[in-house]
Each structure stands twice: as structure tokens, then as C-alpha cells.
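Trainee: Could you take me through one part of this model closely, namely the surroundings of its aromatic pair, and place that part within the sheet?

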Amino acid sequence: SNYSNLLVLSCAHIGTIRQISNIPDGLEELYCQDNSIAHLDGLGNNLLKLDCSRNKISKLNNLPFGLKWLDCSFNQIAHLDMIPECLEYLNCSHNLLVKLDDLPPSLFVLICSNNRILSIDYLPTSLTELYCSHNKIWKLTNLPPKLEKMHCSSNNIGQFVKLNELENLEEVDLSRNEIMGIGIDLRNCYNLRINYLNYLMD
């Protein structure tokens, strides 16, 4: 059969699928979460959205250049390289990541909680939501000015930047860190609704 006109493929929650390859080149969305997949090959050139969460994937190579949305959470990924330049949404939580490099400049949402990340040296200026709780992060610098949601609890953060520069900030959670002697100025954070700054060391 000819599947060249297929735009969306869902084979999620089957549990027994171990490999996916030779995806139709015209496919735009692939949902293969909650299976036993270890490898993803030949994803096609036009894929825009990929949900491969809750599998046994250790490497994600050769991701489609135009990919905009990626959920690869709950896998065994230790390195995430060659992230597509136009990616807007990335959920790589619950993996084995130690670092995140070369994040694309178009990224709006980054969810990297429950990994082993020590630091994130570069965050795209386009970023509006950051979820990095339950890592080993010891510093966060150069926070994006458009940031609206920032959940960074349960890390090793010992120093922090001025939050008053984040005028769009709506939610912030810095609980369960090691921040010492911080002077938190929230006067310019007019949109702040949720504020978890407890469990900070004075």
C-alpha cells in the first residue's frame, strides 16, 4: 500500500513495538510513546511533532531538521546532540542527561526535570517556560528576559541572578536549594502569581 499521503501516525500504548523505521516522508506527526522502542531511524524530512516518551531509547540521532515539538521523556538518554534548530518545545525529563548544550534559539518550553544535569550554560532568549527541578544544577545564569514560568526546585543552586529583571515572570519555584545570602527583588515582577521561595538558607 502507498502511505505517502499519511500525515499522522499513532502506535502509542501498544507496549510490544521495539523499533520504528522507514517512516513515510510526508508524515508530520508521530506518536509512539509507551512501547519498548530502543531505536528510531528514518523519521523522514517533514516530521513536525514526535512523542517517543516512555520507551527504552538511549540515543536520538538524525532528528528531522524541521522538528518543532519533541517529547522524549522517560527514556535512557545520556546525550542529546544535534537538536533541530527550529524546535519550540522540548521535554527530555526523566532521562540520564548530565548536560544540555546547543539549545535551539527558537525554543519556548524546556522541560528537563529529573536528570543529572550540573549546569545549563545557555538558555535561548525566546524561552518562556523552564522546568529543571530534581537535578544537580549549581548555577543558573543569563536567564531569558521573556521567562514566565521557572520551576527549579530540588537542585544545588548556591547563587542566583536578579529576578527583578524578569518582568514577565508568573511562577517561580526555587525551593529546596542551597541559595545563601540572596537578595530577592521582585518589584518589577508584576505578573507573579505563584512564588515558592521557601526552604532557602539565610
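Mentor: Lys49 lies over the face of Trp69, at 4.6 Å from the ring centre, in what is a predicted model. Trp69 itself is partly exposed, because its relative accessible area of 23% falls between the limits of 20% for buried and 50% for exposed.

The ring of Trp69 also takes part in an aromatic pair with Tyr89, and since the two centres are 4.7 Å apart and the planes stand at 5°, under the cut-off of 30 degrees, the pair counts as stacked. A search of the whole structure finds this one aromatic pair, and it links distant parts of the chain, with Trp69 in strand β6 and Tyr89 in strand β7, 20 residues apart.

Those two strands are themselves paired: β6, residues 69–71, and β7, residues 89–91, run in the parallel sense and are joined over three bridges, and Leu70 stands opposite Leu90 of β7.

Widening the view, β6 and β7 follow one another in an open sheet of 10 strands with parallel pairing, whose order is β1-β3-β5-β6-β7-β8-β9-β10-β11-β12. The edges of this sheet are β1 (8–10) and β12 (194–196), each of which pairs on one side only, while neighbouring strands are turned by 5° against each other on average, direction ignored.

A further placement of a charge over a ring involves Arg54, which lies over the face of Phe74 at 3.9 Å from the ring centre.

Technical notes. Residues are numbered from 1 along each chain as its sequence is written. This is a predicted model: local features need pLDDT of at least 70, side-chain atom pairs count only at pLDDT 80 or more; totals for chains, interfaces and linings use all residues. Side-chain values use heavy atoms; hydrogens and water are left out. Two strands pair if DSSP finds at least two bridges between them. Helices (H or I, at least four residues) and strands (E, at least two) are DSSP runs, numbered from the N terminus. Axes are lines fitted to C-alpha atoms, for helices over the stretch in contact, and angles run from 0 to 180 degrees between N-to-C directions. Rings of Phe, Tyr and Trp (its six-membered ring) pair if their centres lie within 6.5 Å; planes under 30 degrees apart count as stacked, over 60 as edge-to-face and the rest as tilted. Buried means under 20% relative accessible area, exposed over 50%, partly exposed in between (1.4 Å probe, protein chains only). A charge sits over a ring if NZ of Lys or CZ of Arg is within 6 Å of the ring centre and within 35 degrees of the ring normal.
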